[in-house]
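Got the structure open in your viewer? Let's walk through it together, starting with a bit of strand pairing and working outwards.

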Amino acid sequence: MSGGNERIMKALKEVWRRAENSLCADCGKPDPDWASSTLGVFICLSCSGIHRNIPSISKVKSLKMDHWDDAQVQFLAKHGNAVTKAIYEAHIPIYYYQPTYNDCHVLREQWIRAKYERREFTEPGKQLPYSNGVKEGILWKRGRDSGQFLPRKFLLSEREGCLKYFTKQDAKEPKINVKIDVINATFQPVKIGNPNGLQITYLKDNKTRNIFVYHESGKEVVDWFNAIRSVQFHYLKVAFPIASDSEIKNRLTRNFLKEGYMEKTGPKQKEAFKKRWFTLDHRRLMYFKDPLDAFAKGEVFVGSRENGYSVQKGLPSGTQGNFSWHYGLTIVTPDREYLFTCETETDQLDWIAAFTSVIDQAMTPQEYASKCLDAVSFPS
């Protein structure tokens with residue numbers, strides 16, 4: 001290697017080692033080993049693939065395998081993640097969801113395109129497609145009974161504080177009219193079978209109802225997602241005027257803590273264990289016969305340790321129900337014990353960790369009220 005190349009590589013490594021460049025500029029993944037020579041940011045392999053699809057904006061190179069010239073390294077040195085973020089992330093609305101490396105591709109792609117391609121956050125007060133308090137359009141919705149996805153008109157209104165959908169374009173009355181404060185939305189591309197799949201849930205008579213939708217355009221479905229968060233944010237600002245913006249942000253849409261198959265038995269703990277799909281949505285543990293069911297077969301409230309809730313590895317001795325999976329766990333509540341089995345030890349430990357994260361948190365007054373209202377439990 002020539003002396004010039006050695007000098008350039010040394011300078012590159014010095015910039016790369018800066019603390020500000022230790023995480024991917026777009027998703028926060030540790031130890032990024034790619035960079036954009038035109039934007040000046042250090043990014044991970046996954047995000048580099050998204051950058052590569054917008055070549056008019058970003059040219060990416062491997063920090064380990066590709067050749068860097070002196071001018072490119074100097075450009076990185078003058079920029080880096082901190083300087084570039086100050087430009088492209090200067091005015092992000094507080095409700096806008098900033099994805100991490102654990103999030104799905106469509107969220108990360110649209111975040112990157114919003115920043116660098118559409119420059120949505122470079123100017124204060126910029127009118128954004130999800131910020132004006134109303135959104136109307138077509139989403140493909142899965143039929144509750146047929147399982148077919150059909151186009152349906154959706155209307156989101158901040159003034160009315162609700163989300164509606166209509167079975168026909170010219171329908172006068174909506175099929176549903178859901179208050180914005182009981183809605184959650186989370187991307188579910190694998191479960192829905194579409195890269196832009198979005199699961200919208202809401203409470204109806206204190207039971208969770210699922211709606212599964214998608215749009216052909218990744219930008220459009222992410223705009224819907226952030227429009228829901230925007231309307232929720234402004235609704236909660238009025239409902240809780242003394243709450244800080246960060247407190248309200250934490251009450252917007254949330255990802256499920258854990259989903260997957262387990263086996264369960266009934267309250268007598270003598271019935272055969274049945275394989276079911278489980279969703280842990282903070283303090284609500286729900287189970288479904290099929291992951292795309294509209295309604296849960298049962299729900300149970302998961303409270304805090306100080307209120308008599310715990311999770312234990314294994315099943316009580318003498319458990320009589322027949323089960324095919326052998327990695328058991330027990331949820332203990334003040335009323336009864338719930339018994340589950342997992343297919344693998346990894347699944348078992350992951351579920352125990354998820355339950356523990358909930359049980360270790362103190363309950364809020366709202367959660368106490370929810371528990372009092374929630375009379376639903378697991379049937380047999």
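In which sense do strand β1 and β3 pair, and over how many bridges? Strand β1, made of residues 34–36, runs antiparallel to β3, and 3 bridges link the two. One of the residues to click on is serine 36, whose bridge partner in β3 is valine 60. Keep in mind as you look around that this is a predicted model.

Now zoom out a little to the sheet itself. It's an open one with 3 strands, ordered β2-β1-β3, and the pairing is antiparallel. β2 (42–43) and β3 (60–62) are the edge strands, and each has a single partner strand, so one side of each is left without a neighbour in the sheet. While you're in this part of the chain, find lysine 61: its charged end sits over the ring of tryptophan 68, 4.8 Å from the ring centre. Lysine 275 does something along these lines too, with its charged end over the ring of tyrosine 261, 4.5 Å from the centre.

On to the wider layout. The protein is split into domain 1 (1–117), domain 2 (134–250) and domain 3 (258–376). Between domain 1 and domain 2, the C-alpha centres are 33 Å apart. Domain 1 puts 8 residues into their contact, and domain 2 puts in 17 residues. UniProt, in an unreviewed entry, annotates residues 6–129 as "domain: Arf-GAP". That span, residues 6–129, is 40% helix and 6% strand, and 48 Å separates its end C-alpha atoms.

Next, the aromatics. A search through the whole structure turns up 19 aromatic pairs. Take phenylalanine 278 and phenylalanine 340: their ring centres are 5.3 Å apart and their planes are at 80°, so this pair counts as edge-to-face. Phenylalanine 278 belongs to strand β12 (residues 274–281) and phenylalanine 340 to strand β17 (residues 337–342), so the pair ties together parts that are 62 residues apart in sequence. Are these two rings' residues, phenylalanine 278 and phenylalanine 340, buried or exposed? Both are buried.

Phenylalanine 301 and tyrosine 309 give you another pair to look at. Here the ring centres are 6.3 Å apart and the planes are at 70°, so this pair is edge-to-face as well. Phenylalanine 301 and tyrosine 309 are each buried.

One last stop is an aromatic cluster. Pick out Tyr95, Tyr96, Trp111, Phe121, Tyr130 and Phe233, which together form one such cluster.

Note on methods
Residues are numbered from 1 along each chain as its sequence is written. This is a predicted model: local features need pLDDT of at least 70, side-chain atom pairs count only at pLDDT 80 or more; totals for chains, interfaces and linings use all residues. Side-chain values use heavy atoms; hydrogens and water are left out. Two strands pair if DSSP finds at least two bridges between them. Helices (H or I, at least four residues) and strands (E, at least two) are DSSP runs, numbered from the N terminus. Rings of Phe, Tyr and Trp (its six-membered ring) pair if their centres lie within 6.5 Å; planes under 30 degrees apart count as stacked, over 60 as edge-to-face and the rest as tilted. Buried means under 20% relative accessible area, exposed over 50%, partly exposed in between (1.4 Å probe, protein chains only). A charge sits over a ring if NZ of Lys or CZ of Arg is within 6 Å of the ring centre and within 35 degrees of the ring normal. UniProt positions are given in the numbering used here, feature names are shortened, and annotations may be inferred rather than shown by experiment. Domain bounds come from an automatic or database domain assignment. Contact means heavy atoms within 4.5 Å.
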